[in-house]
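Thanks, everyone, for making time this morning. I would like to walk you through one model, starting with its charged contacts and ending with its sheet.

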Amino acid sequence: MYIKSKKELEIILSTLKGFRRPKESLEQWQTPSDIAAVMLFEALLRKDIENKIVIDLGSGTGVLALGAALLGAKKVYGVEIDAEAISVAMENLSYLETIYGKLPVEFICCDVNEFSIRGDSVVMNPPFGLKKASRHADLFFLSRAFSLAKKIYSLHHYSEKSRKFLSRYASVHNFSAELLGTFKFPLKAKLEKHKKPVKHILVDFYYYQIMEK
Ligand code: SAH
């Protein structure tokens, strides 16, 4: 393990590069370093990171994937459809390697639906499904995650309806769903049409675990 505290992780993740031109249609909202550190430490304490194979679906600029590697994952796969985001993630990886030495992270440029390597856990911040083009994207990420690992840590846009839906959706896939917390998540607007620079939405942090028969 390269990092000893949540604060230390948050600080190092805050120095990583973000999306150059975030693509609205892909819902490229980077996870803020404080939220990423909370997610990753929760997974670490539940023994789902250290010496494990961790998958980050929709890895963007690599915040969660790289954080998992710094917390001692044996291998991390970051799966991302956008080649531009992958190139930023690779820069972030090289930068961290100048500090910590070689990290076991592989970024793969493909649709999450085409990725089929299994792991021990998934830690992800999928598209929230807020845009027309990506409606229900969080659900197809989640069903993909269910097929790849037994433990899943994921963020979802909060609504009472989606809370009910998600626990039902998990149980249909033979997973239990535990709500671990709710974050105020900043959607940083880069587009001129947005008047306010930052809008916040509420995002639920879930832990899904397979129900062993
Ligand atoms: N996980 C990153 C990025 C979150 S934004 C972070 O926590 O900062 C969601 C990411 O999912 C974006 O980078 C977007 O390009 C990616 N994405 C959207 N649809 C995808 C798909 N079908 N397959 C793989 N990645 C996808």
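Before I point at anything, let me fix one term: I call it a salt bridge when a side-chain nitrogen of Lys or Arg lies within 4 Å of a carboxyl oxygen of Asp or Glu. Please also keep in mind that this is a predicted model.

With that in hand, Glu 178 and Arg 46 form such a bridge, their closest N and O atoms being 3.4 Å apart. Because Glu 178 sits in strand S6 while Arg 46 belongs to the loop between H2 and S1, this pair ties together parts that are 132 residues apart in sequence. Glu 178 is partly exposed, at 36% relative accessible area, and Arg 46 is partly exposed as well, at 28%.

A search of the whole structure gives 14 salt bridges, and among them is the one between Arg 21 and Glu 84, at 3.1 Å from N to O. Arg 21 is in the loop between helix H1 and helix H2, and Glu 84 is in helix H4, 63 residues away. Through shared partners, Arg 21, Lys 23, Asp 82 and Glu 84 are joined into one network.

Now to the sheet, which is open, has seven strands in the order S3-S2-S1-S4-S5-S7-S6, and shows mixed pairing. Strands S3 and S6 stand at its edges with a single partner strand each, so one side of each is left without a neighbour in the sheet. Strand S2 pairs with S3 in the parallel sense over five bridges, with Gly 78 opposite Phe 107 in S3.

Terms used. Residues are numbered from 1 along each chain as its sequence is written. This is a predicted model: local features need pLDDT of at least 70, side-chain atom pairs count only at pLDDT 80 or more; totals for chains, interfaces and linings use all residues. Side-chain values use heavy atoms; hydrogens and water are left out. Two strands pair if DSSP finds at least two bridges between them. Helices (H or I, at least four residues) and strands (E, at least two) are DSSP runs, numbered from the N terminus. Buried means under 20% relative accessible area, exposed over 50%, partly exposed in between (1.4 Å probe, protein chains only).
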